[in-house]
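User: Hi! I am new to reading protein models and would like a close look at one part of this one. Could you walk me through it slowly?

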Amino acid sequence: MLAKIAWQSLRSRRYTAWLTLFSVAISVFVLLGVEHIRFEAKESFSKTVSGVDLIAGARTGQLNLLLYSVFRIGNPTNNISWQSYQAFANDPKVAWTIPISLGDSHRGFRVVGTTGDFFERFRFGENARLDFSEGRAFAKVFDVVLGADIAKKLNYRLHDPIVLAHGLGQVSFSSHDDRPFTVTGILRSTGTPADQALYISLQGMEAIHLNWRDGVKIPGKRITDEDIEKRDLTPKSITAFMIGLQSKMATFQVQRQINQYAKEPLLAILPGVTLMELWEMMRAMENTLQLISYLVLFSALLGLSTMLLSSIRERQREIAVMRAIGASSWFVFLIIQLEALLIVLSAIILAICLLAVALHFSKTYLAENFGIFISNLVMNDSIIMHLGIIVASTFLLSLIPALSAYRLSLHQGLTVRN
């Protein structure tokens, strides 16, 4: 009886009720969307690199090492000698390593000198490996592999020539124009920093610097094929290296060995732990998004309360009839509360359906353009908690019109027992 009366009352004011319902649905959509994307972004952020037990580089801050080795942001304080790298690469506890050499760029994008193991061993997301959308990994000294974003933004294709530049600026006056590289492969989009780099071999990195000394090109000297054949292109130093261990039990032991290495100051970090530390630094932005979402929800629920309150005076005859047939003042109170809950519950169902559809069709776009890997909407503890907050807030804010209706029913002048 109570639910039927509340439903019929809303139907009599259906246009106002529908507008209020859509307003609340949009606010719930925003709140749940922000919460779901925040949760998924955190998970995605923590999986920018996966399957790597340690990252080692010259001694610096942990965040700095993570930023320049994984995100290609910032600069290393120093390089690591090739001998030191080999000492750890040949350690029996180490299963594999990925050396990384930075320092050059192409039109503002970082160039990464590495080995073929990078395409075999590097993982992201849920242990996903790098795949090629076109071509293959580099095989010759002057081969280059492009990240997906670079190929798309600069419109490069296989076999295109590319001239690298010395340094990291968007515009460089010191280019390696005497020996251009040839595109042999283009990586499939991952939504990670891997899409924003060019990859060449360590030998290629050494070869283009044969006519350089102390960061300056030697005038008049050009690199010839004979120079490349005569020279040993083993690098003298690298920027950092990633480590995969034979056993997870050896993680802290190898980390301690690297941090206490006597021949040069080195630092080893656990990428997952450091990623979480970096995420904590972004908590202020995360909290700001949540606050905005709550304010949007509060304004919508306040609009719902205002709509119900403004209708009370217009419903004096309706309230008088209910009182005349024996309805108590508390019955009138509950009718208003139930109307608010019906609107909000309907809005929640609509918002969840819209959000599920939006997430389904936006997953690929968010992954390719923002590096956010999201799953379909799951009713986890956080979502359920927020739904509880919405219902509780509805009950509290609808107390205003409900109490107004209660007081009005008391002054109807009808002698009906409460």
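User: In what sense do strand β1 and strand β17 pair, and over how many bridges?

Analyst: Happy to help! A word on the ground rules comes before the strands. This is a predicted model, so local features need pLDDT of at least 70 and side-chain atom pairs count only at pLDDT 80 or more, while totals for chains, interfaces and linings use all residues. Residues are numbered from 1 along each chain as its sequence is written, and side-chain values use heavy atoms, with hydrogens and water left out.

Now your question. Strand β1 (residues 54–58) and strand β17 (residues 240–245) pair in the antiparallel sense, over four bridges. Strands here are DSSP runs of E with at least two residues, helices are runs of H or I with at least four, and both are numbered from the N terminus. Two strands count as paired if DSSP finds at least two bridges between them. In general, strands of a sheet pair through backbone hydrogen bonds, either parallel or antiparallel. For one bridge you can find on screen, look at Ala56, whose partner in β17 is Phe241.

Next, step back to the sheet around this pair. Four strands form an open sheet in the order β3-β17-β1-β18, with antiparallel pairing. The edges are β3 (94–100) and β18 (266–269); each has a single partner strand, so one side of each is left without a neighbour in the sheet. On average, neighbouring strands of this sheet are turned by 20° against each other, direction ignored.

A helix belongs in this picture too. Helix α9 (residues 251–259) lies across β1, β17 and β18, and runs at about 160° to β18. Such angles run from 0 to 180 degrees between N-to-C directions, and axes are lines fitted to C-alpha atoms, for helices over the stretch in contact. Contact itself means heavy atoms within 4.5 Å.

For comparison, let us visit another strand, β5. All six of the six residues of β5 (residues 109–114) are buried, so this strand is largely enclosed by the rest of the structure. Buried means under 20% relative accessible area, exposed means over 50%, and partly exposed lies in between, with a 1.4 Å probe and protein chains only. Strand β4 (residues 104–106) runs antiparallel to β5 and is joined to it by two bridges. In that pairing, Ser105 stands opposite Arg110 of β5. The hairpin of β4 and β5 has two residues between the strands, and Arg107 there takes a positive phi near 50°. With strand β13 (residues 197–201), by contrast, β5 runs parallel, and five bridges join them. Gly113 stands opposite Ile200 in β13.

Ser105 also leads us to a loop. Gly167 is found in the loop between β11 (165–166) and β12 (181–187). Leaving aside its neighbours within four places in sequence, Gly167 is in contact with Gly103, Asp104 and Ser105. Gly167 and Val111 are 56 residues apart in sequence, and 9.7 Å apart in space from C-alpha to C-alpha.

Finally, here is the wider setting for your strands. The secondary structure of the protein comes to 15 helices and 18 strands. Of its 418 residues, 47% count as buried. Among contacts between residues at least 6 apart in sequence, 78% join residues at least 24 apart. So when you return to the model, start from Ala56 and Phe241 in β17, then trace the order β3-β17-β1-β18 across the sheet.
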